[in-house]
Amino acid sequence: MGTIGAAVSDIGTRKDRNQDAYGLRIASNGVCEAAFAVVCDGVGGMEHGEVASSTAVDAMLRWFDSVLPSMFTENLSARMLYRMWDSVLQEVNLRLFRQAEVCGSRMGTTLAAVLLLNGRCCAVSAGDTRIYGVNGAGTVQISRDHTLVQREVEQGRISVEQARRDARKNVLVRCVGGAPRLRPEYYTRPIEPDSGYLLCTDGFYRRLTERELRIAPGPG
């Protein structure tokens, strides 16, 4: 398969703390290769966002390091994988929620993760950290934003163009740690030849135009 991965994080010029966290793994047993990436962004307006994001990333990486190797060559179905991910995410979600209650504060993070294995891309997201598929035709958004504005678009109350200018575009309706129960969203796609995947926070994609992202027609 020969997967190549890279990751970078930049605090920018307006914040004094970087609330982003990420993890990247590429592993092979000589027969199969698996690539895994996870990106989290501590929710603005909530305390200890950097703790929430790093906690979620660490939990997902522990799953990859300790659980996936035993299933490397098995016929791991998407349903089985998502059941395992849901168990990991519900545990870390409840831990963050209860920790925030004890501290008398709020604590949350967005999350996006992708696993490439056996010719298939399996992904999960909660919040507005995005997952894109990239190929010669352009860039297609795979994940769906869990924001108030996106919900307004889906319900036909505002247009996509209005959503880009709406002041509520950063208001999340889902995030890890924001409620006692998390509702992550899962996505499954075949891996296309000569393709790639981009996971990025809103601090990245909101700085770019559609032309710069090379958005191509396709399912969002």
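**Where the loop sits**

Helices (H or I, at least four residues) and strands (E, at least two) are DSSP runs, numbered from the N terminus. With that in hand, Asn 118 is easy to place: Asn 118 lies in the loop between β3 and β4. What you have here is a predicted model, where local features need pLDDT of at least 70 and side-chain atom pairs count only at pLDDT 80 or more, while totals for chains, interfaces and linings use all residues. Residues are numbered from 1 along each chain as its sequence is written, and side-chain values use heavy atoms, with hydrogens and water left out.

**Strand β4 and its partners**

Let's start with β4. Six of its seven residues are buried, where buried means under 20% relative accessible area, exposed over 50%, and partly exposed in between, using a 1.4 Å probe and protein chains only.

Two strands pair if DSSP finds at least two bridges between them, and β4 has such links to both β3 and β7. β3 and β4 run antiparallel and are joined by seven bridges, with Val 114 standing opposite Ala 123 in β4. β4 also runs antiparallel to β7 (residues 185-190), this time with six bridges, and here Ser 125 stands opposite Glu 185.

**Two positive phi values**

Most residues other than glycine have a negative phi, and most peptide bonds are trans. Asn 118 isn't a glycine, yet its phi is positive, at about 55°. The hairpin of β3 and β4 has two residues between the strands, and Asn 118 counts as partly exposed, at 44% relative accessibility.

Asp 194 is another non-glycine residue with a positive phi of about 55°. You'll find Asp 194 in the loop between β7 and β8 (196-200), where Asp 194 is exposed, with a relative accessible area of 79%.

**A cavity inside**

Rolling a probe the size of a water molecule over the atoms shows where empty space is left. On a 1 Å grid over the protein atoms alone, a cavity is a set of points where a 1.4 Å probe fits but cannot get out, and lining residues have an atom within 4 Å of a point. Grid points are joined across faces, edges and corners, and a volume is the space filled by probe spheres set on the points.

So how many cavities of 30 Å³ or more turn up by this rule? The count is one, and the largest cavity holds about 50 Å³ of space. Its lining is made up of Leu 76, Ser 77, Leu 81, Leu 115, Leu 117, Arg 120 and Cys 122. β3 (109-117) and β4 (120-126) are the elements that give two or more residues to that lining.

**Rings and a charge**

Rings of Phe, Tyr and Trp (its six-membered ring) pair if their centres lie within 6.5 Å; planes under 30 degrees apart count as stacked, over 60 as edge-to-face and the rest as tilted. Seven aromatic pairs meet this rule. In one of them, Tyr 82 and Trp 85 have ring centres 5.9 Å apart and planes at 40°, so the pair is tilted. Both residues lie in helix α2 (residues 78-103), three residues apart, about one turn of the helix, and both are buried. They also belong to one aromatic cluster with Phe 36, Trp 63, Phe 64 and Tyr 186.

Elsewhere, Arg 130 lies over the face of Tyr 205, at 3.8 Å from the ring centre. For such a charge, NZ of Lys or CZ of Arg must be within 6 Å of the ring centre and within 35 degrees of the ring normal.

Terms used:
On a 1 Å grid over the protein atoms alone, a cavity is a set of points where a 1.4 Å probe fits but cannot get out, and a pocket is an open set with protein on both sides within 12 Å along at least five of seven lines; lining residues have an atom within 4 Å of a point.
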